[in-house]
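Please work through the following exercises with the sequence and the model side by side. Each one sets a task and then solves it in steps.

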Amino acid sequence: MGKVGIIGVGQSAFVRGFPGSVRELAFEGFREAMQDAGIATKDIGASVICSAPEYDKQRSPAGVLAEYLGLTPQPTFYVETLCSSSSMGVRLAYSLVKSGLHDVVAVVGFQKMSEITSAESQERMGRGADIQWESPFGTMMPAYYALHARGHFAKYGTTPDDLALIRVKAATYGQVNEKAVYRKPVTFDMFSDPENSMSGPVASPLRVGDCCANADGSSCVIIANEEKCKAFSKKPVWILGLGAASTAVNMAGRDIFSGLTVGMQAGEQAYKMAGITPKDIDVAEVHDCFTIAEMMAYENLGFAKPGEGKDLIKSKETYKEGSIPVNVDGGLLSKGHPIGATGGSQVRTIVLQLRGEAGPMQVKDPEIGLVHNIGGVGLYGNVTILGR
Amino acid sequence: MAKKEKDIDVRFSKFGTVSFTSTTKVNDFMDRLQQGKISGNRCKTCGKIYFPPRADCHNCFGKDMEWFDVTGTGKLLTYSKLEYAPVGFENDVPYSIALLDYGDYKVFGRLAGNIPTDEIKVGMEMKAVPNELPNGQLNYVFEKA
């Protein structure tokens with residue numbers, strides 16, 4: 001069987017308070033991907049719709065979106081793995097195409113987070129963990145990742161200052177990404193200035209500046225078999241490797257608090273399938289919902305040895321000009337994190353990089369790129385490796 | 001015939017500041033907590049130990065479980081102090097969530113509120129104790145051993 005590739009990518013601007021409905025939000029990413037691919041809705045064989053539930057009122061969003069996107073009567077269904085939903089959607093689309101069931105599949109991710117308050121959002125995400133045994137203690141995502149930051153600090157001597165450097169890098173690129181929700185610079189000094197909001201406490205040891213920005217947004221990735229890729233696209237980007245894993249939802253069932261096992265396992269699977277090693281990656285998008293998450297990703301994906309992620313950011317090796325550029329579109333920290341849209345947006349960034357179309361964020365001549373997308377508190381992990 | 005509402009066992013709704021589960025096959029956990037015991041359970045068929053307790057063993061597929069009590073001390077693996085809370089937990093702020101390693105199992109809970117911040121160290125020995133919250137709900141907290 002032939003290769004599977006990507007012929008179109010798109011995303012909406014990531015914003016606070018999108019002035020429209022969920023279906024209209026989804027259309028923004030879809031339109032850009034369809035225009036990028038240069039195809040019509042009749043060319044799409046099926047759609048995979050991805051988001052996390054309970055941010056808006058629509059139940060079973062797949063049917064509603066498929067109708068609005070003009071993708072009926074083709075089959076459509078809903079995929080959910082919290083923050084990694086649209087990466088899991090890409091994995092499923094790959095299998096639908098690889099099996100020969102469909103020639104072309106659209107993966108549409110969306111999230112309209114602004115329909116609820118920030119505290120309600122924390123409660124929703126907290127319930128993306130173990131609602132029977134842990135949520136009753138008052139859990140939320142920043143606190144769960146803070147447990148990992150504390151674990152990393154205790155094991156490796158990492159400091160809050162090391163994490164701040166990751167936020168500074170994200171903001172460097174958020175400023176030049178016109179789709180990013182947070183376009184302002186962030187300096188290292190802001191974290192030590194008690195008057196600056198970046199230094200405000202959230203869940204120790206994480207501060208406001210360590211946390212990603214909630215946003216409304218949508219993304220779309222159009223996946224096709226080799227024949228359709230060659231027919232429709234001058235620059236198809238091929239899916240070389242896929243990895244996915246899960247683990248215990250409750251922290252009491254985990255053994256490691258200085259890394260995420262799902263990231264390690266998904267990475268190993270994807271490298272093996274692609275027949276490459278971490279050294280072969282020219283540009284990466286990793287799941288930086290919090291600064292500590294990017295630090296752990298450096299180590300879990302093999303860009304740095306365990307405990308040496310801090311050296312990678314201190315030496316600026318993950319900047320655009322470094323040996324392994326990471327999140328040079330601003331990442332979740334500055335670009336924003338509309339849960340269900342995030343994976344597709346990460347894929348879009350890598351596809352644009354590999355096509356040489358990333359504008360001010362362009363890395364020099366990359367051939368192979370990696371997307372690392374985590375759902376929940378390291379509950380789900382997806383790694384996708386793409387090549388020219 | 002459907003059970004009347006009063007017949008449904010909702011003891012677990014008393015667990016934590018806000019409980020999101022009312023009925024579970026391990027509802028006796030709540031009676032034991034009320035009696036001052038924090039309990040896990042063990043599969044009587046294969047011996048696998050579970051905390052938190054479960055009704056079903058995924059190791060041997062057994063369902064014959066026996067209770068044990070969490071005793072002694074555990075090592076503090078990690079913790080975080082929350083200065084901002086999800087909806088429903090506003091009145092508890094600030095509070096710290098934490099994880100203790102008891103060797104054969106781990107226990108997730110909160111740190112007792114009266115421990116000075118500078119005395120909390122990863123690796124320190126602590127003990128889990130049942131706790132009644134101001135709203136009458138029950139949970140457990142970790143105290144210095």
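**Exercise 1.** Find the strands that helix α1 of chain A lies across, and give the angle at which the helix runs to β1(A).

*Solution.* In this predicted model, begin with helix α1 of chain A, residues 22–37, and look at what the helix lies across: β1, β4 (104–112) and β7 of chain A. Next compare directions, and α1(A) is found to run at about 130 degrees to β1(A).

**Exercise 2.** Describe how β1 and β7 of chain A pair, and then place them in their sheet.

*Solution.* Start with the pair itself: β1 (residues 4–11) and β7 (residues 216–225) of chain A are joined in the antiparallel sense over seven bridges. To fix the register, take A:Ile6, which stands opposite A:Ile223 in β7(A). Then widen the view to the open sheet of chain A, in which nine strands with mixed pairing follow the order β3-β2-β4-β7-β1-β8-β11-β10-β9. At the edges stand β3 (76–79) and β9 (283–285) of chain A, each with a single partner strand, so one side of each has no neighbour in the sheet. Finally, going from one strand to the next, the twist averages 25 degrees.

**Exercise 3.** Decide how α8(A) and α9(A) are oriented to each other, and list residues that meet between them.

*Solution.* Two packed helices are described by the angle between their axes and by the distance between those axes. For α8 (residues 261–274) and α9 (residues 291–300) of chain A, the angle is about 40 degrees and the axes are 9 Å apart. Angles under 35 degrees would count as roughly parallel and those from 65 to 115 as roughly perpendicular, and α8(A) and α9(A) are therefore oblique to each other. The crossing of α8(A) with α9(A) is right-handed. At the contact, A:Gly263, A:Met264 and A:Gly267 of α8(A) meet A:Met296, A:Ala297 and A:Asn300 of α9(A), and these residues divide into three nonpolar, three polar and no charged.

**Exercise 4.** How many residues of chain A are in contact with chain B, and which element gives the largest share of that side of chain A?

*Solution.* First count both sides: 30 residues of chain A are in contact with 35 residues of chain B. On the side of chain A, the elements that give two or more residues are α4 (118–126), α5 (141–156) and β5 (201–203), and the largest share, six residues, comes from α5(A). Sorting this side of chain A by class then gives 16 nonpolar, nine polar and five charged residues.

Notes
Residues are numbered from 1 along each chain as its sequence is written. Chains are lettered from A and ligands numbered from 1 in the order in which they are written. This is a predicted model: local features need pLDDT of at least 70, side-chain atom pairs count only at pLDDT 80 or more; totals for chains, interfaces and linings use all residues. Two residues are in contact if their C-beta atoms, placed from the backbone, lie within 7 Å. Helices (H or I, at least four residues) and strands (E, at least two) are DSSP runs, numbered from the N terminus. Ala, Val, Leu, Ile, Met, Phe, Trp, Tyr, Cys and Pro count as nonpolar, Asp, Glu, Lys and Arg as charged, and the others, Gly among them, as polar. Axes are lines fitted to C-alpha atoms, for helices over the stretch in contact, and angles run from 0 to 180 degrees between N-to-C directions. Angles under 35 degrees count as roughly parallel, over 145 as roughly antiparallel, 65 to 115 as roughly perpendicular and the rest as oblique. A crossing is left-handed if the near helix is turned anticlockwise from the far one by less than a right angle, and right-handed if clockwise. Two strands pair if DSSP finds at least two bridges between them.
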